[in-house]
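This report treats two topics in turn: the contacts made with nucleic acid, and the pairing of a few strands in the protein.

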Amino acid sequence: MIIQSKNFNIQQIADSGQCFRMNKIGNNKYSLVAYNKYIELAQVDRELVEISCSSQDYDEIWKEYFDLDFDYGIIVDRLLRGPDEFLRKAVQFGDGLRILKQEPFETLISFIISQNKNIPAIKRSIEKICERYGEQKEWNGIYYYTFPTPEQLADAREEELRSTGLGYRDEYVIKAARAALKGDLNLGALKDCCYKEAITQCKGLRGVGDKVASCIALYGLHHLDAVPVDVWISRTIEKIYNYNFDWEVYNGYAGIVQQYMFYYIRNIRNGSLMKDGGEDEIHRKA
DNA sequence: GCCCAGGAATGTA
DNA sequence: TACATTCATGGG
C-alpha cells in the first residue's frame, strides 16, 4: 500500500546505522525483515512510500515501526530555525530520518554485536545468526529468516555462535539471551521507566556499556532522550564543537538530534570525513 | 599486510 | 577519575 508522509525517506533510514536488516534491492527499493515479517519498500516520491504489506499489517506493525504518527517536521523546522549551523546542515541533509521502533530483544543483541565492528560486518553476523537460529519463512517466493527469540538463542553453543563471526562477543550474546529469557532483564518493562533507568539496567549485562545501552534505549525502547555516543559523535563534539556541546538543550529529542548528526557525518563525502580536517573541510563540502 | 570498526572490560597511576 | 591495553574478526 502507498503511504503519504513527510520526512520519510527509506534510503536515509536504511543508511542511518540504527537498523541492520534493511537492504537495498534496487533503485529506491529496499527490503526489510522485522517482527517476523518481510516487506519491500519503494520511495515513489519525496513524500510517498510504497510498502508491500496488507492494510492490517500496516496498522498493526509498520505504522508504529516507522513512527509515522509523530511529526518529525516539528524537529526539523526547529533545528532549521535554530542557531546551530552544523545542525542546520545536518537536518537539511537527513530530513527524512526517523527513529524506528525496533524489537527490543533484536536491538539488544544487534548492538551487543555492533561493538568494535563496522556496519557491513555487523549485518553479516546478524544475518548468519538469523539463518542458524531463526525460522525460515516465505513471502511471495522469497525466503527469509526471522530474528531468533531469546529461547532460540539461549541454548546456542559458543563454538557454534563463533562461526557467525562474533569473535569474543559470543558469550555476551548468550548471556544476554539467557537474561532476557529468565526475566533478569525485562525489556518490556524498561519502556515504561525513564531512559536513565533503562540504560542502567541494560548496563548490568556483560558487554553492554554506555553506548550500546543508549542504542537499546533509543532504537528498541524509543527513549528519545537517550544519546548513543560512538566514535563519530565524539569526534564531532571534539572537532566541530571543540568539546562544547550540551545535549540538554535538546531535551525530549536529543536522541533524534544525535541521529541527524550521525547520518550527516557518516554519509557526507563518502564517510571519510574529518580524519584530520575538521570544521573547515566539513562546511566546505556541505 | 595494514588499519580500523556505531566499544567494553580490565589494568595502572 | 583518567588513560592505556586488550579483545576476535572482517571490510576496505
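## Contacts with DNA strand C

In this predicted model, an N or O atom in the side chain of Asn-118 is 3.2 Å from a sugar or linking oxygen of DNA strand C. Tyr-168 also approaches a sugar or linking oxygen of the strand, here through a polar backbone atom at 3.0 Å, whereas the contact of Asn-116 is with a base, a polar side-chain atom of this residue lying 3.1 Å from a base nitrogen.

These three residues belong to the set that surrounds DNA strand C, which also includes Pro-120, Arg-124, Arg-162, Gly-167 and Arg-169. By class, the surface near the strand comprises three charged, three polar and two nonpolar residues. Sugar or phosphate accounts for 65% of the atoms of DNA strand C within 4 Å of the protein, and bases for the rest.

## Strand E3 and its partners

Strand E3, which spans residues 29-34, is largely enclosed by the rest of the structure, because five of its six residues are buried. Strand E2 (residues 22-26) pairs with E3 in the antiparallel sense over four bridges, and Lys-24 has Tyr-30 of E3 as its bridge partner. Two residues lie between the strands in the hairpin of E2 and E3, where Asn-28 takes a positive phi near 60°.

Strand E4 (residues 37-45) runs antiparallel to E3 and is joined to it by six bridges, with Ala-42 of E4 standing opposite Lys-29. The hairpin formed by E3 and E4 likewise has two residues between its strands, and Tyr-35 in the turn has a positive phi of about 50°.

Key. Residues are numbered from 1 along each chain as its sequence is written. Chains are lettered from A and ligands numbered from 1 in the order in which they are written. This is a predicted model: local features need pLDDT of at least 70, side-chain atom pairs count only at pLDDT 80 or more; totals for chains, interfaces and linings use all residues. Side-chain values use heavy atoms; hydrogens and water are left out. A residue is near a molecule or strand if one of its heavy atoms lies within 4 Å of it. A polar contact is a pair of N or O atoms within 3.5 Å; within protein, one must be able to donate a hydrogen and the other to accept it, and residues adjacent in sequence count only if both atoms are side-chain atoms. Ala, Val, Leu, Ile, Met, Phe, Trp, Tyr, Cys and Pro count as nonpolar, Asp, Glu, Lys and Arg as charged, and the others, Gly among them, as polar. Buried means under 20% relative accessible area, exposed over 50%, partly exposed in between (1.4 Å probe, protein chains only). Two strands pair if DSSP finds at least two bridges between them.
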